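Trainee: Could you take me through the aromatic side chains of this model, up close, and then show me how they fit with what surrounds them?

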Amino acid sequence: DTAQYMRLWSVYYLAMVLAELPWGWVADRIGPRPLLIAGPLVLAAGFAVLGHSQTFEMCLAAMALTGAAHAMISDADSALQN
């Protein structure tokens, strides 16, 4: 239903916001290249979990994983430009 759909996207964006600073710190410390390599792999894993989820809780976990992966990619991309 609509409430569950909104809950999924809320978890995604919450994970993305909470992961922005830690991934930015990692990109500053070790460089952006490892995150630019790992980010799409983690994102693919999140989509694989989402595609195979059989419970709503697994969908929530997959959305959190994809949100964190998107933050990983966006922070590394920003660090690369500096």
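Mentor: Here is a walk from the overall fold to the rings, and from there to the core and the surface.

Keep in mind that this is a predicted model, so local features need pLDDT of at least 70 and side-chain atom pairs count only at pLDDT 80 or more, while totals for chains, interfaces and linings use all residues. Residues are numbered from 1 along each chain as its sequence is written, and side-chain values use heavy atoms, with hydrogens and water left out.

The frame first. The protein chain has three helices and zero strands, and along the sequence that reads α-α-α. Helices (H or I, at least four residues) and strands (E, at least two) are DSSP runs here, numbered from the N terminus. Along the principal axes, the C-alpha atoms fill a box of roughly 45 × 20 × 15 Å. Of the 82 residues, 30% count as buried; buried means under 20% relative accessible area, exposed means over 50%, and partly exposed is in between (1.4 Å probe, protein chains only). Take the contacts in the chain with a separation of 6 or more, a contact being heavy atoms within 4.5 Å: residues 24 or more positions apart account for 78% of them.

Now the rings. A pair of aromatic rings is described by the distance of the centres and the angle of the planes. Rings of Phe, Tyr and Trp (its six-membered ring) pair if their centres lie within 6.5 Å; planes under 30 degrees apart count as stacked, over 60 as edge-to-face, and the rest as tilted. The structure holds four such aromatic pairs. One of them is W9 with Y12: the centres are 5.2 Å apart and the planes are at 75°, so this pair is edge-to-face. Along the chain, W9 and Y12 are three residues apart in helix α1 (residues 2–30), which puts about one helical turn between them. The two partners are covered to unlike extents: W9 is partly exposed at 33% relative accessibility, whereas Y12 is buried at 8%.

Y12 also pairs with Y13, again edge-to-face, with 4.8 Å centre to centre and 85° between the planes. Y13 itself is partly exposed, with a relative accessible area of 48%. Put together, ring pairs link Y5, W9, Y12 and Y13 into a cluster.

Follow Y12 inward and you reach the largest nonpolar core. A nonpolar core is a set of buried Ala, Val, Leu, Ile, Met, Phe, Trp, Tyr and Cys residues joined through side-chain atoms within 4.5 Å. This one has seven residues in all: L8, Y12, M16, A19, C59, M63 and A71. Helices α1 and α3 (56–81) each supply at least two of them, and the largest share, four residues, comes from α1. M63 is a good one to click on, with contacts to L8, W9, Y12 and L50, not counting residues up to four places away in sequence. That list takes in both W9 and Y12, the edge-to-face pair from above.

Two C-alpha distances are handy here as well. S10, in helix α1, is partly exposed at 47%, and its C-alpha atom is separated by 9.0 Å from that of M63, 53 residues apart along the chain. A61, in helix α3, is partly exposed too, at 41%; A61 and L8 are 53 residues apart in sequence and 9.1 Å apart in space, C-alpha to C-alpha.

Now go outward from the rings. Y5, M6, W9 and Y13 make a nonpolar surface patch of about 450 Å². Patches are made of residues with over 30% relative accessible area and no salt bridge (a side-chain nitrogen of Lys or Arg within 4 Å of a carboxyl oxygen of Asp or Glu); like charges are joined within 9 Å, and nonpolar side chains (Val, Leu, Ile, Met, Phe, Trp, Tyr) within 5 Å. For scale, the accessible surface of the whole chain comes to about 5,300 Å², of which 68% belongs to carbon and sulfur atoms. Accessible areas come from the Shrake-Rupley method with a 1.4 Å probe; for residues, only the protein chains shown count as cover.

Elsewhere on α1, two aliphatic residues are worth a glance. V17 lies in this helix and is exposed at 60%, with its C-alpha atom 17 Å from that of V42, 25 residues apart along the chain. I30 is in helix α1 too and counts as exposed at 53%.
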